[in-house]
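Subject: Structure handover

Hello,

Please find the structure below, with my notes after it. Keep it open while you read, and look up each residue as it comes.

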Amino acid sequence: FQIVLKNQIEAELHARKVLNCEKRKNYKFDIAAVSCSGDVSDNATVHISVVDINEYAPTFLDPSYVCQVDEGRLYEEIVRVEATDRDCTPKFGDVCKYEILTNDQPFIIDNEGAIRNTEPLDYERSHNHILSVVAYDCGMKQSVPVMVTIKVNRICKLGWKGIPERIDYAAGTGREDLFPDAELELCDVPCNVHNLETKLSLATSHIGKGCDRDTYSVQSQRKLCVNNNNNNNDIEYNCTINFYWTPETTVAIKENEHNSKH
């Protein structure tokens, strides 16, 4: 600093170089006035505080983040990102907010930088989730985005795969493979399969015995008919048999209408 004399009464204090809050926030020194005859006044103490401006944006500690999670789970925290700011005061130097810029992703991030999933992840739906994350200081200056890659580990599930929940079978169409894509997943179970036997049970959900239409009167059968001709002759039933696969490996048959002539 230097003092510049404006006149015999006033003087100004000037800085000799640009002040930087990040290098030094405060200055303290004494000044005194000297008369033309050489008399020196008492000292006066000067306190100078450098006011911060929002020069810097937050920067992340790592250039990118990569982590792995298992599918089918909800995590309290998957990964934590962290950013810092070079500004010297809390208003501009503290990181106050994190945000995920990538849309339509099942993740949220809190103000501490912790990322968690909002729904269980599915390996079949997506092996990897790539997020673009930014940080804001308390002056809302935004950082450069950082990439966060979350890899989903497939969890092997012991049991059958490729078995549909419903099978439609049209009466009279002949033989049809019910589960052509069925596969037994043994995961890492040490088992050498030499022979495999399965049992499939077919059950009706509402029929006591035989075809329930056998108990109908002629008038009731006509009401159930899908397509009638003008003379109400040759009643034709267009129908399919629906097979429902249940978790107990039982298939239920729901009878609608049979293709036949009455």
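The disulfide between cysteine 96 and cysteine 138 is right-handed, with 55° about the S-S bond. The two sulfur atoms are 1.7 Å apart. Cysteine 96 lies in strand β9 (residues 95-100) and cysteine 138 in the loop between β12 (128-137) and β13 (146-153), so this link ties together parts that are 42 residues apart in sequence. Please bear in mind that this is a predicted model, and that the distances and angles come from its coordinates.

How accessible are the two ends of this link? Cysteine 96 is partly exposed, with a relative accessible area of 32%. Cysteine 138 is also partly exposed, at 30%. Both values fall between the cut-offs of 20% for buried and 50% for exposed, which is why neither end gets one of those labels.

The count of disulfides comes to two. In the other one, cysteine 21 and cysteine 88 are paired, and their sulfur atoms are 1.6 Å apart. The torsion about this S-S bond is about 90°, so this disulfide is right-handed. The pair links distant parts of the chain, 67 residues apart. Cysteine 21 sits in the loop between β2 (11-14) and β3 (26-31), while cysteine 88 sits in the loop between β8 (83-84) and α1 (90-93).

Are the ends of this second link buried or exposed? Cysteine 21 has 6% relative accessibility and therefore counts as buried. Cysteine 88, at 12%, counts as buried too, because buried means under 20%.

There are further cysteines to look at. Cysteine 36 has 86% relative accessibility, so it counts as exposed. Cysteine 67 has 12% and counts as buried.

The last item is on the surface. Which residues make the nonpolar surface patch of about 360 Å²? The patch is made by Phe1, Ile3, Leu13, Leu19 and Ile31. One of these, leucine 13, lies in strand β2. Leucine 13 is partly exposed, with a relative accessible area of 36%.

If you want to go through this in the viewer, begin with cysteine 96 and cysteine 138, go on to cysteine 21 and cysteine 88, and end with the patch that includes leucine 13.

Regards

Technical notes:
Residues are numbered from 1 along each chain as its sequence is written. This is a predicted model: local features need pLDDT of at least 70, side-chain atom pairs count only at pLDDT 80 or more; totals for chains, interfaces and linings use all residues. Side-chain values use heavy atoms; hydrogens and water are left out. A disulfide is a pair of cysteine sulfur atoms within 2.5 Å. Helices (H or I, at least four residues) and strands (E, at least two) are DSSP runs, numbered from the N terminus. Buried means under 20% relative accessible area, exposed over 50%, partly exposed in between (1.4 Å probe, protein chains only). Patches are made of residues with over 30% relative accessible area and no salt bridge: like charges are joined within 9 Å, nonpolar side chains (Val, Leu, Ile, Met, Phe, Trp, Tyr) within 5 Å. Accessible areas come from the Shrake-Rupley method with a 1.4 Å probe; for residues, only the protein chains shown count as cover. A salt bridge is a side-chain nitrogen of Lys or Arg within 4 Å of a carboxyl oxygen of Asp or Glu.
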